[in-house]
Amino acid sequence: TAEVLKEMEGHRYSVLAVAFAPDGATLASGSDDTEVRLWSTSTGWTARVLREMSGRKLQISAVGTKVSGSTAMSGTLRNILTHYGAPGAED
């Protein structure tokens with residue numbers, strides 16, 4: 001039986017996708033609430049909330065992050081990929 005290490009709360013609706021950054025310090029999650037959240041795995045707190053800037057309200061069905069966690073990608077059930085980046089982040 002696995003032990004629960006942390007429960008992270010913040011999304012308003014079902015979480016459909018999660019992905020760890022390769023460094024293990026950041027977790028990305030995507031939800032029916034149309035948000036991508038980047039979480040600190042050490043604290044369990046939301047580090048950033050990323051929202052689709054085009055005004056579309058599309059459920060996030062897939063997420064991924066860069067090694068450093070400075071950029072993220074999301075995919076929707078409507079075949080749209082969005083690339084998010086922190087100000088000054090390089091890909």
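In this predicted model, R12 is exposed, with 54% of relative accessible area. The side chain of R12 nevertheless has a charged partner: R12 and E35 meet in a salt bridge, with N and O 3.2 Å apart. This pair brings together distant parts of the chain, since R12 sits in the segment before β1 (15-20) and E35 belongs to strand β3 (residues 35-40), 23 residues apart.

What, then, is the accessibility of E35? The relative value is 1%, so E35 counts as buried, the limit being under 20%. A second salt bridge joins E35 to R37, and here the closest N and O atoms are again 3.2 Å apart. R37 has a relative accessibility of 11% and therefore counts as buried too. How many salt bridges does the structure hold? There are two, and R12, E35 and R37 are linked by salt bridges into a network.

It helps to place this network in its surroundings. Strands of a sheet pair through backbone hydrogen bonds, in either a parallel or an antiparallel way. Here, four strands form an open sheet in the order β1-β2-β3-β4, and the pairing is antiparallel. At the edges lie β1 and β4 (46-51), each of which pairs on one side only. From one strand to the next, the twist averages 20°.

Strand β3, the home of E35, pairs with β4 in the antiparallel sense over five bridges. Which residue of β4 is the bridge partner of E35? That residue is R51. E35 thus appears both in the sheet pairing, with R51 as bridge partner, and in the salt-bridge network with R12 and R37.

Notes. Residues are numbered from 1 along each chain as its sequence is written. This is a predicted model: local features need pLDDT of at least 70, side-chain atom pairs count only at pLDDT 80 or more; totals for chains, interfaces and linings use all residues. Side-chain values use heavy atoms; hydrogens and water are left out. A salt bridge is a side-chain nitrogen of Lys or Arg within 4 Å of a carboxyl oxygen of Asp or Glu. Helices (H or I, at least four residues) and strands (E, at least two) are DSSP runs, numbered from the N terminus. Buried means under 20% relative accessible area, exposed over 50%, partly exposed in between (1.4 Å probe, protein chains only). Two strands pair if DSSP finds at least two bridges between them. Axes are lines fitted to C-alpha atoms, for helices over the stretch in contact, and angles run from 0 to 180 degrees between N-to-C directions.
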